[in-house]
Amino acid sequence: MGENEIWASYEKRLSRVSAYIYDHLDEDIDLDRLAEIACLSAHHWHRVYRAVHNETLAATVRRLRLHRAAGDLVRSDQTVRDIAARWGYPNLQSFTRTFAAAYGMPPARYRREGSHRAFEPQSGKEPTRMYDITIRTLPEQALLGVSHAGSYMGIGKAFEALYGALFSRNIFRPDMRMVGVFLDDPDLVAEDKLRSFACVTADAAVPAEAPLVRRTLAGGDYAVLRHQGPYADMGAAYRWLYATWLPASGRSIRDEVMFETYLNNPREVPPSELLTEIHLPLQPA
């Protein structure tokens, strides 16, 4: 078997394991079961996974479960105890300790004071915080991506498949930037029907074989909101951008897709330090 065939085999194994993790986060995930899915011994598979993702399997599962828990804290009225149990923490104290270590505050306080609260008016008044909004004129951008259907909170599954393909085919480049493209409004479209793409910037010289697809972002003016904090908090930023900034800006929306660029990596920085730029397409001034 040649080198390309070997890495193609590893790509499929990476994809199967990542898909299983994302689809079973609310269940017990046994590392030996993941090794069976990968068709390799646990010893060898774990080394392959860590070499590609720079993260252990256990760290991936813990990070993703906390990400989902943060989403539940922001968008639901479930008790902290119920959220902890749903995401694999039957012991509330253990969940509180682990969540606080990752998010900088205990879960109950995060629900009250997390960065999603920064974009909400208090007592009927506009928020006093100054938001980092810039207007940029961008050139057309070529992308290479993997499609995702379902909750936007789960787009990481497509990013896993994307990076597995890029690395296994030896076409990853350090200057590629991570981009999320979102086609639907989650307030209007059922969660299981939401369409999005996990992408990187890549010119036409980079080959695009399944599951990779090419997309193009239109050039033109964009309002760019820089958000710092967990991905689970960004819904509030979107609402502020549309409800508060846009009416006061004197600008009109252009009929192109919104997208996000990710300036750092959730595997490398804590959730409180994640930097995301949300791009709203605008009509020319």
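This passage walks through the overall make-up of the chain, its salt bridges and a handful of individual residues.

The structure is a predicted model, in which local features need pLDDT of at least 70 and side-chain atom pairs count only at pLDDT 80 or more, while totals for chains, interfaces and linings use all residues. Residues are numbered from 1 along each chain as its sequence is written, and side-chain values use heavy atoms, with hydrogens and water left out.

Starting with the overall picture, the chain holds 9 helices and 8 strands; these elements are DSSP runs numbered from the N terminus, with helices taken as H or I over at least four residues and strands as E over at least two. The chain has 285 residues, and 46% of them count as buried. Here buried means under 20% relative accessible area, exposed means over 50%, and partly exposed is whatever falls in between, using a 1.4 Å probe and protein chains only. The accessible surface adds up to about 14800 Å², with carbon and sulfur atoms supplying 50% of that; the areas come from the Shrake-Rupley method with a 1.4 Å probe, and for residues only the protein chains shown count as cover. As for contacts (heavy atoms within 4.5 Å), 70% of those between residues at least 6 apart in sequence join residues at least 24 apart.

Next come the charged pairs. Side chains of opposite charge can pair when their charged atoms come close. Searching the whole structure turns up 11 salt bridges, each being a side-chain nitrogen of Lys or Arg within 4 Å of a carboxyl oxygen of Asp or Glu. One of them links Asp23 to Lys157, with the closest N and O atoms 2.9 Å apart. Asp23 sits in helix α1 (residues 3-23) and Lys157 in helix α8 (residues 156-168), so this pair ties together parts that are 134 residues apart in sequence. Both ends are partly exposed, Asp23 with a relative accessible area of 45% and Lys157 with 28%.

Other pairs stay within a helix. Glu36 forms a salt bridge with Arg33, the closest N and O atoms lying 3.3 Å apart; the two residues are both in helix α2, 3 residues apart, or about one turn of the helix. Glu36 is exposed at 54% relative accessible area, whereas Arg33 is partly exposed at 37%. In helix α7 (residues 107-113), Glu113 and Arg109 are 4 residues apart, again about one helical turn, and their salt bridge has its closest N and O atoms at 3.0 Å. Glu113 is partly exposed at 43%, and Arg109 is partly exposed at 38%. Salt bridges also link Glu55, Arg63, Glu160 and Arg267 into a network.

Some acidic residues cluster instead. Asp26, Glu27, Asp28, Asp30 and Asp32 gather on the surface in a patch of negative charge. Such patches are made of residues with over 30% relative accessible area and no salt bridge, with like charges joined within 9 Å and nonpolar side chains (Val, Leu, Ile, Met, Phe, Trp, Tyr) within 5 Å. For this purpose Lys and Arg count as positive and Asp and Glu as negative, with His and the chain ends not counted; the place of a charge is NZ of Lys, CZ of Arg, CG of Asp or CD of Glu. Within the patch, Asp32 belongs to helix α2 (residues 31-38) and is partly exposed, at 46% relative accessibility.

Two strand residues show the other side of the picture. Thr276, in strand β8 (residues 275-282), is buried, with 0% relative accessibility. Beyond residues up to four places away in sequence, Thr276 touches Leu225, Arg226, His227, Tyr231, Met234, Glu260, Thr261 and Tyr262. His148, in strand β2 (residues 141-149), is also buried, at 11%. Setting aside neighbours within four places in sequence, the contacts of His148 are Gly154, Ile155, Ala158, Leu194, Arg195 and Ser196. The C-alpha atoms of His148 and Lys193 are 9.9 Å apart, with the two positions 45 residues apart along the chain.

Finally, the backbone has a couple of oddities. Most residues other than glycine have a negative phi, and most peptide bonds are trans. Ala210 and Pro211, however, are joined by a cis peptide bond, with omega about 10 degrees; Pro211 lies in the loop between β4 (195-201) and β5 (213-217). Asn170 has a positive phi, near 60 degrees. Asn170 falls in the loop between α8 and β3 (178-182) and is exposed, at 62% relative accessibility.
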